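The exercises below are meant to be worked through with the sequence and the model side by side. Please attempt each task before reading its solution.

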Amino acid sequence: MASQKTPTVLDRKPVPSETVVFREGDTGNTAFIVESGKVEIWKGNEQERHRLGIISKGGIFGEMALIDGEPRMASATTLTDCVLVSVSEAMFQEKLDKSDPFVVALLRIFAHNIRTITK
């Protein structure tokens, strides 16, 4: 059986302002890099949002679900028109597999600690 090769081209997508990229509790199989625009990361519901941060050009979000396989810990909504670059779970895992096991273990510990303190 031939091995699956991870695509080397990243998917770039324009996303209009006020678009929900993902919701808290969703399964996560993609991380995103902000090529342009701003994305709000928040917890709560549409009526009562608690802002955790704003991700702008060059920032990454959605990576926690790829690191530890847990559901999304927050929601993400575009604040402006954006161009988002998708990083697939397969591509992310390929990069992790090539990394120092100590660094990968630290990432997983950090992800666990962040999830614990934000509950």
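**Exercise 1: a sheet and its edges**

Find the bridge partner of Pro14 in S8.

Solution. Pro14 has Val83 as its bridge partner in S8. This is a predicted model, in which local features need pLDDT of at least 70, side-chain atom pairs count only at pLDDT 80 or more, and totals for chains, interfaces and linings use all residues. Residues are numbered from 1 along each chain as its sequence is written, and side-chain values use heavy atoms, with hydrogens and water left out. Stepping outwards, S1 and strand S8 (residues 82-88) run antiparallel and are joined by five bridges; strands are DSSP runs of E with at least two residues, numbered from the N terminus, and two of them pair if DSSP finds at least two bridges between them. The open sheet of four strands follows the order S1-S8-S3-S6, with antiparallel pairing. Strand S1 (11-15) and strand S6 (60-61) each have a single partner strand and stand at the edges, so one side of each is left without a neighbour in the sheet.

**Exercise 2: the surroundings of Val20**

Determine whether Val20 is buried, partly exposed or exposed, and list what Val20 touches.

Solution. Begin with the location: Val20 lies in strand S2 (residues 20-22). Its relative accessible area is 30%, so Val20 is partly exposed (buried is under 20%, exposed over 50%, partly exposed in between, with a 1.4 Å probe and protein chains only). Leaving aside residues up to four places away in sequence, Val20 touches Glu46, Ala76 and Thr77, where contact means heavy atoms within 4.5 Å.
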